[in-house]
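Here are a few exercises to work through with the structure open beside you. Try each task before you read its solution.

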Amino acid sequence: MVEHILEMQSITKSFPGVKALSGVSLAVERAEVHAICGENGAGKSTLMKVLSGVYPAGSYGGEILFKGQTCSFSGIRDSEHAGIVIIHQELALVPHLSIAENIFLGNERRGKSGLIDWHRTNAEAGVLLDSVGLREEPTTPVGQLGVGKQQLVEIAKALSKEVQLLILDEPTAALNDNDSAHLLGLVRDLRTRGITSIIISHKLNEIEAIADHTTVIRDGKTVETLDMADPDVNVDRIIRGMVGRDLEAFYPSRDSKPGEVVLRVEDWTVKHPSQDRQVVDQATFEVRAGEVIGIAGLMGAGRTELMMSIFGRSYGRYISGRVFMHGKETRTRTVAEAIEARIAYATEDRKAFGLNLIDDIARNISGAALGKLSSWGFVNHHEEAAAAEFAMKSMNIKAPNVKSIVGKLSGGNQQKVVLSKWLLTDPEVLILDEPTRGIDVGAKFEIYTLINSFVDAGKAVVVISSDLLELLGTCDRIYALSTGRITGELPAADASEERLMTLMTKDKELIA
Amino acid sequence: MTMTAPKGSQMGKASPPASVVTAGTSEIRELLTRNMRTSGIYVALVALVALFGVLTGGASLGPGNITNIVLQYSYILILAIGMVIVIIAGHIDLSVGSVVALTGAVSAVVVIQYGQPWWVGVIAALLTGLLIGAWHGYWVAYVGIPAFIVTLAGMLLFRGLTLVVLDNVSLSPFPAEYGQIASGFLNGLLGGAGYDVFTLVIFAIAVAGYAFSQYRTRKALISYNQLVPSFPLFIAKIVVVAIAVMTFAWQLATARGMPIVLIMLAILILAYSVVMQRSVFGRQVYAIGGNVVAAALSGVKVRTVNFWIFVNMGLLSALAGIVFSSRSNGAQPGAGNMFELDAIAAAFIGGAAVTGGVGKVAGAMAGGLIMAVMSNGMQLMGIDQSVQSVIKGLVLLLAVAFDIYNKRRAGSR
């Protein structure tokens, strides 16, 4: 009889309008490495937030048993007290504080007087650093360390809290190969010391190498738990579990008849703005008139970075590569040049990057095309209002009038405002980054219809999406991106979720 | 443009064109709460004028005093025009007081020490202001240092340079022509018995222009299905404004006529209101303040716009410096001290948001006048300087608190 340190039984969690988890069960043995796999949005992170008390007891359904006892955490402090520590993908370290200060932040080592005992703090930090294999002085500011070493500091911090169950959310997403290998070695080492780990990762070959069991989650439900010791279980087997569902009749059909190449990008390479790694590596792709192409990739694969760097170098540094419009090399070094070249880019996060939420619909829609709507530097209000009225009608934006404040609209209507804004610039290539994220089914359908009518008019569309079904349903061709490289290109007719997922999880070494 | 055909759209029916006369509501409470953020400030200004009129037994509304307020606070209002633009873009400028001092000093040295004509002094001061604005703009826009730091440095830097230029002493007096800028009047151009007809005619034209533009705005709002006041209320509002403005004009006309500085101020307010509301540049300023990333990704040249915002602030500071030196008939090392705070307070009382993206030139003018009427009224009442300062501080705090309260309420709806 195996001993389960953690059992989560039929966990459910709803947000207004969305059911994020609808019955997830999970059983983790003591001192094992347990992987959780699933597509973006399958509910992995929500599940871990339930477990660690970010969503307090009572806000979800089901039961959590830790070491045989029912848990009702009301916050992160409770779960940490019980010995459960979660390390998020975005590290929670204070860059200006030293390693030792970060390790004991909120848990300071005090002397008798109540003041911090610095000798004890640094000495204990030194011991913890040894145990995670990090050779740095405890007094070094965390900001001077690379991401890989910061990850180790997080683990040392967890160890200082006498962790029994360590949760790692995408721990290697931002790491290079050496750092990844060291981190995975450390997780294995913790297992021999009796510490249980739950690891969430998109890198399936890493999971294959390290996990004892893998639980697959899809659409907020547990699909299966695989024993990794079973010789039949491999990466392909996990992928089948992650994607196995039917394509819903959800995407309006379109007669695609691709014409000549409109946009071609060659050898596009981009470096991270602050770290020494390549986010996009020698990407080459093209899109034809009347064609929709998709960019598939897991989080951190470099999809947004690829498109944003092409659109006026809005991301990254040391960008190299060439952009061609209709076969002619084109400058897109600034956003204005990109718009001039008739490229439009509707951003992923419309609230943060796409809209001026405190301004009205008309002024948001005209925002990227003021040059066209003005003469002698002054905006023609009548033309602006007419353009906005036309957009509201043709896009079916539901709002009292064009003077309504954009921040008060629903997600779907906000997205339509973003699309109207870019259509007004009269683009030939429309890049849509997660065009349907967080909007309801009806608005999604309207946006797919819009994409169709846009390409029917001989224009080209590039769709970035985490939803593979959306790509399969809307695109003519799909490029797969993994760690900044284009790992394959499939006509939609030949593509399947399994084949895409295989390409999306290919690692650099496997390509070489 | 290629877009889907409207299918089953509610907008498809197209609202019937509502008549300008019949449209609108008479629900004054509804109108007030809806427009509290935009019109509350003007209501507050009128209330304050009335309050001090009563408290001073009418002295604050006398012809001489009204003229005085205009002359005394004109330079703060000029500064507030530039300041509100800086604040809308999400910046701040702490240096304007020092810039007022330095530009005034440059002008005084040119005119008084070197004996140049008055207009050479004016041009020298304006050029100095432009250079200072370009200096600030360079550090803020191209180097990326927060404006708070850049202009705090500028505040010390240009105060120091003022002392250098003036060699630590005051310079005076200016020739009489230079004094006309701030203290001159246009009087008797069209004659009049005991009152100046020219002043009255100018103001009458202004009122007519106001009524016409309000009518056009109303028509536009109705065509966008916006809630507007009913026609009688609309007329009532215009009549009230007309009476207030013409009373003001009458007081000026029976005192010394039309102040030259008021003409200058009116042109500036009009021009900058149009620039901020109608020009591409104005749009881009609001866009940067509202969401700088979205603005950049829409093709706005954020750095260029930020640069010119500060160049403009420098130019207006120089203008304020010229008016102030003209009014005080000389240049002093300590001139313009704390002017930046008055200008910033005017913008915030006038409805500008600390987070940027919100604000209006007209609002800042009302905010500046509120400060002016309060200071002036309290001086007339003989209230101690210390008490005046306490009250002004509280008014600023309450005005911004009211703004934040309103925004939170709007957000929760």
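**Exercise 1.** How many residues of chain A are in contact with chain B, and how many of chain B with chain A?

*Solution.* Keep in mind that this is a predicted model. Counting pairs whose C-beta atoms lie within 7 Å, you should find 39 residues of chain A in contact with 30 residues of chain B. Next, look for the elements behind the chain A side: helix 10 (335–340), helix 11 (350–354), strand 18 (378–379), helix 13 (381–394) and helix 15 (441–456) each supply at least two residues. Helix 15 of chain A gives the largest share, four residues. Finally, sort the chain A side by residue type: 21 are nonpolar, twelve polar and six charged.

**Exercise 2.** Find the open sheet of six strands in chain A and say which strands stand at the edges.

*Solution.* Start by tracing the order, which is 16-19-20-13-21-22, with mixed pairing. Strand 16 (343–346) and strand 22 (485–491) of chain A each have a single partner strand, so one side of each lacks a neighbour in the sheet. Going from one strand to the next, the twist averages 20 degrees.

**Exercise 3.** In which sense do strand 13 and strand 20 of chain A pair, parallel or antiparallel? Then identify the helix that packs on the sheet.

*Solution.* Strand 13 (residues 292–297) and strand 20 (residues 460–464) of chain A pair in the parallel sense, over four bridges. To see their register, place Gly294(A) opposite Val463(A) in strand 20. The helix is helix 9 (residues 303–310) of chain A, which touches strands including strand 13, strand 19 (429–433) and strand 21 (477–482) of chain A. Its direction makes about 140 degrees with that of strand 20 of chain A.

Terms used
Residues are numbered from 1 along each chain as its sequence is written. Chains are lettered from A and ligands numbered from 1 in the order in which they are written. This is a predicted model: local features need pLDDT of at least 70, side-chain atom pairs count only at pLDDT 80 or more; totals for chains, interfaces and linings use all residues. Two residues are in contact if their C-beta atoms, placed from the backbone, lie within 7 Å. Ala, Val, Leu, Ile, Met, Phe, Trp, Tyr, Cys and Pro count as nonpolar, Asp, Glu, Lys and Arg as charged, and the others, Gly among them, as polar. Two strands pair if DSSP finds at least two bridges between them. Axes are lines fitted to C-alpha atoms, for helices over the stretch in contact, and angles run from 0 to 180 degrees between N-to-C directions.
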